[in-house]
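Dear colleague,

I am handing over the structure we spoke about, and below it you will find what turned up when I went through it. Please read the notes with the model open beside you.

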Amino acid sequence: MVVQHNLRAMNANRMLGITQGTLSRSAEKLSSGYKVNRAADDAAGLSISEKMRKQIRGLSQASLNAEDGISAVQTAEGALTEVHDMLQRMNELATKASNGTNALSDRQTIQDEVTQLLTEIDRVSETTKFNEMYLLKGDTDKVTRYLNAKDAGLDGTITQNATRTSFTMNALKLGDSITIAGREYTICSHYEELTQDAIIRNMTNDKYTANDLLNDPDTLNAAAVSGALIDVDGTQYTIVTDSAQENADKNTLTLSHIMGKIQAGSTAMYNGKTYHTLVDEKPTPAVPPLKDGDDIDDVNPSYITDLQAYKMIRQELGLANNIGANKENSKVDITVTDDNGTDLDLSTAQDTTDINNAKKVTFTFDKGQYTVKEDFNFSLHVGADADMTNKISVGIKALDTAGLGIDGLNVKDSTGAIATYAIDSISDAIASVSAQRSLLGAVQNRLEHTINNLDNVVENTTAAESQIRDTDMATEMVRYSNANILSQAGQSMLAQSNQANQGVLSLLG
């Protein structure tokens, strides 16, 4: 027996210390809910858990970012709903002003309401904001854009590129009817253009005077066609060269006598080709010639020359394509060419020879320009990492009256033509707002899917992090109970060990 070293007590004390440490850690895990409270608990698990926490918290904030983005988009889209309503009302007003039953004073009243609506569209654009960001007024920088080309309601084809436009129509012929600025006109010629010796043809080159048909070497030639057949207005004749061979009962006649059967409006068929006569030897056109020397009939202003019609078309195209353009660029310079690309000089008073030979006429001009602020752009960060793929860009055009191409819109004139052209400009503005609203709606739908995905990733990542970090309470409670029992047993054994050396006293007594 020894008294210097109580090894049993030392062993009991050491084991009790281990048990107390286990009990303490178990109590910590049970009270905190985490099985990894410090790096020593699980070094690798702690590192993985913290990376997951970074992702979870980043994705949670990204979901909130996307929700803020939806709020901003809904704010802009809600404002554009009212802009749409105002544009629809302006379309009604322009249609009303286009009606010929309105007096100038009526159109002034209509214009007053249009002006108020234009002002309100500008106010909505200037004041709509989200978190101090103006959504509809664009950026600070300005850019030049081009208006869509308009055909002024004329029958033709619009071809346009980025900055220029061409309007191509069939060339006008004698007797054609055309509607310009809502009024119908008939195409006539000057009297001095209809001389007895003139060859009057339409653009398919098959209309002649009877004299032209007789003498044109490309059609009939008396010396070369003896015995040939020709049909005039349904009657077939045999051509002979000698008058002694004529037999009127059998419709056998010389060519000159057959030509005498052709009147204005007659149809002759020879060698597979059809000829339509427009005038007889002394011209009597279907439409009256203009004898006063200008391009508009003094008695009936609806009778005009093709030259005057082209001038009027050029003017109306300029008016229709000037709506919404910058005031400094208000003049639309239009050049006129034929189907061969030859410039047609419409300033020449009565010389329409080059025009009469054209089959197509093309009006070419620069598109109307307007200055507008650049698009307002912002991006939403919808990810936990710094990748640019986690950015969702949102762009909103400057949707004031300038940006919509209706700045200074006017529906007031004496005829209603300007109001008619304004309908197309308003239609383009409605289409622009529709396109912007569609884009915002698409972004909102995308953000809703983004939020759903982010929340799903957060949920699953949280579950994975929980497996690493969270305490299994049932298992830990079993471990705690076991350590608690061991602790009590250790304390008892330590007490017993401390009493073991008391037997030495009996020896000393």
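**Two loops with positive phi**

Glu132 sits in the loop that runs between strand E1 (129-130) and strand E2 (133-134). Please keep in mind throughout that this is a predicted model. The phi angle of Glu132 is near 70°, which is a positive value in a residue other than glycine, and Glu132 counts as exposed because its relative accessible area is 59%, where the cut-off is over 50%. Asp233 also has a positive phi, of about 50°, although it is not a glycine. The loop that holds Asp233 lies between strand E9 (229-232) and strand E10 (235-240), and with a relative accessible area of 47% Asp233 is partly exposed.

**The chain as a whole**

The protein chain has 509 residues, of which 40% count as buried, and its secondary structure comes to ten helices and 19 strands. If one takes the contacts between residues at least 6 apart in sequence, 69% of them join residues that are at least 24 apart. The accessible surface of the chain comes to about 27,200 Å², and carbon and sulfur atoms account for 48% of that surface.

**The nonpolar cores**

The largest nonpolar core has 79 residues, and those with the most contacts inside it are Leu87, Met90 and Phe363. Helix H2 (residues 43-97) supplies the largest share of this core, with 17 residues. Apart from this core lies another one, of ten residues, among them Ile230, Tyr237, Leu253 and Leu255.

Leu87 is a useful place to begin looking: leaving aside residues up to four places away in sequence, Leu87 touches Ile121, Leu404, Ile406, Ile426, Ala429, Ile430 and Val433. One of these partners, Ile406, is placed in the loop between E19 and helix H8 (417-469). Is Ile406 buried or exposed there? Ile406 is buried, because its relative accessible area is 0%, and buried means under 20%. With residues up to four places away in sequence again left out, the contacts of Ile406 include Leu87, Met90, Leu118 and Ile121, and also Gly324, Thr401, Ser425, Ile426 and Ala429. Along the chain Ile406 and Leu87 are 319 residues apart, while their C-alpha atoms are separated by 10.0 Å.

**Aromatic rings and charges over them**

A search of the whole structure finds three aromatic pairs. Phe167 and Phe363 form a pair that is tilted, at 6.4 Å centre to centre and with 40° between the planes. Phe167 lies in strand E5 (residues 164-170) and Phe363 in strand E16 (residues 360-366), so this pair ties together parts that are 196 residues apart in sequence. Phe167 counts as buried, at 0% relative accessibility, and Phe363 counts as buried, also at 0%. The rings of Phe376 and Phe378 form a tilted pair as well, with their centres 5.6 Å apart and their planes at 40°; both Phe376 and Phe378 are buried. Phe167, Tyr310 and Phe363 form one aromatic cluster.

In two places a charged side chain is found over a ring. The charged end of Lys137 sits over the ring of Tyr134, 4.5 Å from its centre, and Arg469 lies over the face of Tyr34, at 5.8 Å from the ring centre.

**Strand E18 and the loop after it**

Asn377 belongs to strand E18 (residues 376-381) and counts as exposed, at 53% relative accessibility. The side chain of Asn377 reaches the backbone oxygen of Asp375 at 3.3 Å. When residues up to four places away in sequence are not counted, Asn377 touches Val394 and Gly395; its C-alpha atom is separated by 8.7 Å from that of Lys397, 20 residues apart along the chain.

Asn390 lies in the loop between E18 and strand E19 (391-396). Asn390 counts as buried because its relative accessible area is 17%, and the limit is under 20%. Among residues more than four places away in sequence, Asn390 touches Leu380, His381, Val382, Gly383, Ala384 and Asp385.

With best regards

Technical notes: Residues numbered from 1 in each chain as written. Predicted model: local features only at pLDDT ≥ 70, side-chain atom pairs only at ≥ 80, totals over all residues. Heavy atoms only, no water. Helix = DSSP H or I, 4+ residues; strand = E, 2+ residues; numbered from the N terminus. Buried < 20%, exposed > 50% of the residue type's maximum accessible area, 1.4 Å probe, protein only. Contact = heavy atoms within 4.5 Å. Polar contact = N/O pair within 3.5 Å; in protein donor to acceptor, adjacent residues only side chain to side chain. Areas by Shrake-Rupley, 256 points an atom, 1.4 Å probe, with all protein chains shown as cover. Core = buried A, V, L, I, M, F, W, Y, C linked by side-chain atoms within 4.5 Å. Phe/Tyr/Trp six-rings, centres within 6.5 Å; stacked < 30°, edge-to-face > 60°. Lys NZ or Arg CZ within 6 Å of the ring centre and 35° of its normal.
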